[in-house]
Amino acid sequence: METTNSTNEHTGRGAMWELERNLDQPMDAEAGRLRNMYREKTYPTILLLQLAFQSLGVVFGDLGTSPLYVFYNIFPHEIEDTEQVIGALSLIIYSLTLIPLVKYVFIVLRANDNGQGGTFALYSLLCRHAKINTIPNQHRTDEELTTYSCHTYDDKSLAAKIKRWLEGHQFRKNIILILVLFGTCMAVGDGILTPAISVLSATGGIQVEEPKMRNDVVVIVSVVILIGLFSMQHYGTDKVSWLFAPIVFVWFILIGILGAVNISKYDQSVLKAYNPVYVYRYFKRGKSSWASLGGIMLSVTGTEALFADLSFFPVQAIQIAFTTVVFPCLLLQYTGQAAYIAQNKHQVSHAFYYSLPESVLWPAFVVATTAAIVASQATISATYSIIKQALALGCFPRVKIIHTSKKYLGQIYSPDINWILMVFCIAVTAGFKNQSQIANAYGTAVIMVMLVTTFLMIPIMLLVWRSHWALVILFTSLSLAVEIPYFSAVMRKIDQGGWVPLVFAAAFLIIMYVWHYGTLKRYEFEMHSKVSMAWILGLGPSLGLVRVPGVGLVYTELASGVPHIFSHFITNLPAIHSTLVFVCVKYLPVYTVLPDERFLVKRIGPKNFHMFRCVARYGYKDIHKKDDDFEHMLFNSLLLFVRLESMMEEYTDSDEYSTRELNQASNANLRSNGISTSSNMELSYTSHDSIIQVQSPNHTGNSQVMSSGQTFQTVGDEIEFMNACRDTGVVHILGNTIIRARRDSGFVKKIAINYLYAFLRKICRENSAIFNVPHESLLNVGQVFYV
């Protein structure tokens with residue numbers, strides 16, 4: 001040890017320089033290994049096939065139940081001749097080929113955020129590659145996270161020009177945000193309409209066996225099933241999810257075999273539909289063919305689930321399942337139904353059930369109803385995840401999120417959203433009472449989400465993939481060439497049920513945008529009214545108050561600086577805790593933050609002020625659930641920061657170190673000082689960010705809580721002081737900032753802020769509930785400001 005010390009003195013380089021030199025390469029290798037864990041993995045063949053089988057129950061239920069209602073909505077009145085059926089079948093075949101197979105399975109699925117799919121996953125990718133997040137709470141250390149990946153661009157490249165253009169004006173950022181929110185609202189509408197049409201179509205098979213049964217009875221049966229489905233949501237799907245894949249697999253095999261049987265039994269001439277010429281001939285028939293595109297659109301409903309439910313399975317598994325099971329079975333079923341309809345033109349309604357042999361009607365009815373329930377469950381679960389992502393990005397009022405599975409982190413439940421979905425779903429089912437109007441609404445929601453995905457893929461391909469502009473134009477033009485005709489067809493049916501998802505989307509969009517606007521204004525107020533460090537230093541170590549024993553956790557939305565609510569607090573109360581920690585719970589545009597990268601800690605002011613900042617970082621898939629270890633982990637992060645700070649004070653050749661580095665190099669040293677090294681956190685210490693420490697007076701150690709303002713001779717003394725403060729008690733201080741519109745504000749702004757935003761804040765969950773703060777340890781501090 002003496003030789004090492006003398007060497008360091010001779011070279012003028014400190015021990016921290018040696019630590020950095022020795023750990024550089026191993027840490028680079030570990031960082032690369034960890035990042036690769038969250039990129040596309042290579043799976044053994046057996047495991048990949050198993051995952052492909054399991055994906056059937058989660059991803060493909062909605063797409064698989066479409067044959068129950070497609071042909072009825074294509075031909076709601078009468079069929080002229082067999083060639084009309086062949087033309088519609090040809091459109092179905094090539095719609096399935098171009099949209100789910102080519103666009104989604106082989107292109108869009110690649111635009112995932114470390115395995116996460118959906119509209120918000122695309123938005124998070126864009127936020128990392130361009131500064132388009134409307135709430136500017138990012139920190140430079142966020143980009144060092146394992147799950148945070150972004151590219152750098154040459155200044156003269158097209159990607160760099162697009163990036164500067166997107167970042168250049170707030171209006172463009174808002175347009176992207178509104179586009180994302182609109183797609184999200186349509187996806188929520190999909191969560192309302194999928195259970196309605198799937199269950200209603202499946203239970204409609206009763207009328208095939210009992211033709212005299214009134215339609216009201218079918219509606220009542222459907223409503224009972226829907227009530228039961230939504231009522232069981234709070235139990236989660238963990239215990240029954242293993243049944244989903246076998247049920248949907250049996251369904252696909254059943255419809256595939258029945259389709260093949262019907263082809264050979266009724267009319268093999270429908271096989272001519274695989275010739276694309278019949279698509280052209282179909283459109284030549286006139287306006288009726290164009291109007292029927294709304295029904296043909298239903299054959300690709302559920303396609304967005306391929307992308308939205310990606311988080312549970314690798315891309316290869318979904319590609320295998322779709323190409324080997326889903327796609328061929330759907331083609332066989334649609335071709336078989338067309339063969340039956342060509343010979344039985346007056347039985348288009350419930351054509352699936354009419355085409356079944358009588359001996360398998362009831363078993364098929366049971367399987368169809370079960371498959372419809374599974375498809376509905378997958379869509380409902382996806383809606384919970386969408387709301388959770390919107391909440392994490394500050395775009396939705398705070399609602400209760402319950403984690404229903406200890407094994408699968410992605411399985412969540414929101415009671416507030418669940419009952420809203422149930423009420424709307426039952427209202428749609430009982431209000432329309434028939435498939436046709438619900439199908440028109442369903443088609444509108446689906447095509448809107450597809451168009452949003454197409455538009456978001458343009459910047460994704462340019463910034464994330466850095467594709468050539470010609471490929472981007474090719475993808476966009478081909479996608480729009482297919483989707484715009486469908487869009488124009490569903491728009492013609494706005495008055496026939498297509499207005500429903502637009503109303504849902506408009507209501508949710510207003511709620512989400514107003515909430516985001518209010519959140520942004522609150523954040524801007526906090527940023528512009530931060531307390532200056534000079535003011536805090538002028539108060540002295542006691543902060544002008546009596547510093548009582550204990551720890552005060554002050555929750556704030558600011559990741560830097562001291563919030564204005566703190567000045568309001570200390571000017572109205574006579575005492576403050578001897579140790580203060582400003583806690584910022586921040587969500588980042590990544591799907592998850594690893595536990596050992598969760599926390600960032602920094603000291604505020606001189607040491608004898610005993611003030612710290614702790615930023616707890618989460619991804620949009622992470623859940624800030626009730627966790628007894630959170631407070632313990634936060635406090636351990638403070639202790640480790642104090643220890644790390646003392647090690648670095650003498651050196652100027654280091655800037656930041658994480659606990660992963662420190663744990664590798666000095667576990668034994670930390671244990672000798674009584675600090676746990678197994679805590680999951682990352683500490684950030686930057687020498688120029690901290691105020692210079694005042695001269696420490698002589699200190700005589702004791703086991704009692706020392707008066708605030710006293711500094712410590714050793715780091716052990718400060719750690720002892722902080723432990724004593726924690727043992728005394730912890731109080732959670734929450735700021736309740738209320739915003740109001742100014743008197744000179746416009747009418748729309750007054751309605752949005754003073755009424756709608758205020759109403760949403762009143763009915764949503766309090767921050768104390770979101771942070772799981774015990775009521776007896778809670779202190780609320782309120783203030784009002786005008787925007």
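What percentage of the 787 residues in the protein chain do buried residues make up? In this predicted model, the buried residues make up 56% of the 787 residues in the chain, and the legends below look at several places, one at a time.

**Figure 1. The protein chain as a whole, with its 30 helices and 8 strands.** The chain holds 30 helices and 8 strands, and 56% of its 787 residues are buried. When contacts are counted between residues at least 6 apart in sequence, 83% of these contacts join residues that are at least 24 apart.

**Figure 2. Helix H9, residues 170–203, with a kink at Leu193.** Helix H9 has 34 residues, and the distance from its first C-alpha to its last is 50 Å, close to the 50 Å expected at 1.5 Å a residue. The helix nevertheless has a kink of about 30 degrees at Leu193, and this kink lies shortly before the proline Pro195. H9 is mostly covered, with 26 of its 34 residues buried.

**Figure 3. The crossing of helix H9 with helix H20, residues 415–432.** The axes of H9 and H20 come within 9 Å and cross at roughly 50 degrees, which makes H9 oblique to H20. The crossing of these two helices is right-handed. On the H9 side, Val188, Ile192, Leu193, Pro195, Ala196 and Leu200 take part in the contact, and they meet Leu421, Phe424, Cys425, Val428 and Thr429 of H20. Leu193, where the kink in H9 lies, is thus also one of the residues that meet H20, and so is the proline Pro195.

**Figure 4. The packing of helix H9 with helix H23, residues 499–528.** H9 and H23 pack at an angle of about 135 degrees, and their axes are 8 Å apart; this angle makes H9 oblique to H23. The crossing of H9 and H23 is right-handed. From H9 the contact includes Asn174, Leu177, Ile178, Leu181 and Phe182, and from H23 it includes Val500, Pro501, Leu502, Phe504 and Ala505. Val188, Ile192 and Leu193 of H9 are also among the residues that touch H23, and these three residues are among those that meet H20.

**Figure 5. Helix H3, residues 45–59, seen for its span and its buried residues.** With 15 residues at 1.5 Å a residue, H3 should span 21 Å, and its end C-alpha atoms are 20 Å apart, which agrees. The buried residues in this helix are Leu48, Leu51, Ala52, Ser55, Leu56, Gly57 and Val59.

**Figure 6. Leu543, a buried residue in a loop.** Leu543 is found in the loop between helix H24 (533–539) and strand S3 (546–555). Its relative accessible area is 2%, so Leu543 counts as buried. Leaving aside neighbours within four places in sequence, Leu543 is in contact with Ile536, Phe566, Ile570, Ile576, Leu580, Phe609 and Met611. One of these, Ile576, is 33 residues from Leu543 in sequence, while the C-alpha atoms of the pair are 8.2 Å apart in space.

**Figure 7. Tyr278 in helix H13 and Ala342 in helix H17.** Tyr278, in helix H13 (residues 277–283), is buried, with a relative accessible area of 10%. Although Tyr278 and Gly87 are 191 residues apart along the chain, their C-alpha atoms are separated by 5.0 Å. Beyond its neighbours within four places in sequence, Tyr278 is in contact with Glu83, Ile86, Gly87, Ser90 and Lys272. Ala342 is buried as well, at 3% relative accessibility, and it touches Thr82, Asp267 and Val270 when residues up to four places away in sequence are not counted. The C-alpha atoms of Ala342 and Asp81 are separated by 7.7 Å, with their positions 261 residues apart along the chain.

**Figure 8. His350 and Arg466, two loop residues with a positive phi.** Most residues other than glycine have a negative phi. His350, however, has a phi near 55 degrees, and Arg466 has a positive phi of about 55 degrees although it is not a glycine. His350 is found in the loop between helices H17 (315–343) and H18 (351–354), and Arg466 in the loop between helices H21 (435–464) and H22 (469–491). His350 is buried, with a relative accessible area of 12%, whereas Arg466 is partly exposed, with a relative accessible area of 45%.

Note on methods. Residues numbered from 1 in each chain as written. Predicted model: local features only at pLDDT ≥ 70, side-chain atom pairs only at ≥ 80, totals over all residues. Heavy atoms only, no water. Helix = DSSP H or I, 4+ residues; strand = E, 2+ residues; numbered from the N terminus. Expected span 1.5 Å × (residues − 1). Bend = angle between axes of the 7 residues up to and from the residue. Buried < 20%, exposed > 50% of the residue type's maximum accessible area, 1.4 Å probe, protein only. Axes fitted to C-alpha atoms, helices over the stretch in contact; angles between N-to-C directions. Parallel < 35°, antiparallel > 145°, perpendicular 65-115°, else oblique. Left-handed = near helix turned anticlockwise from the far one by under 90°. Contact = heavy atoms within 4.5 Å.
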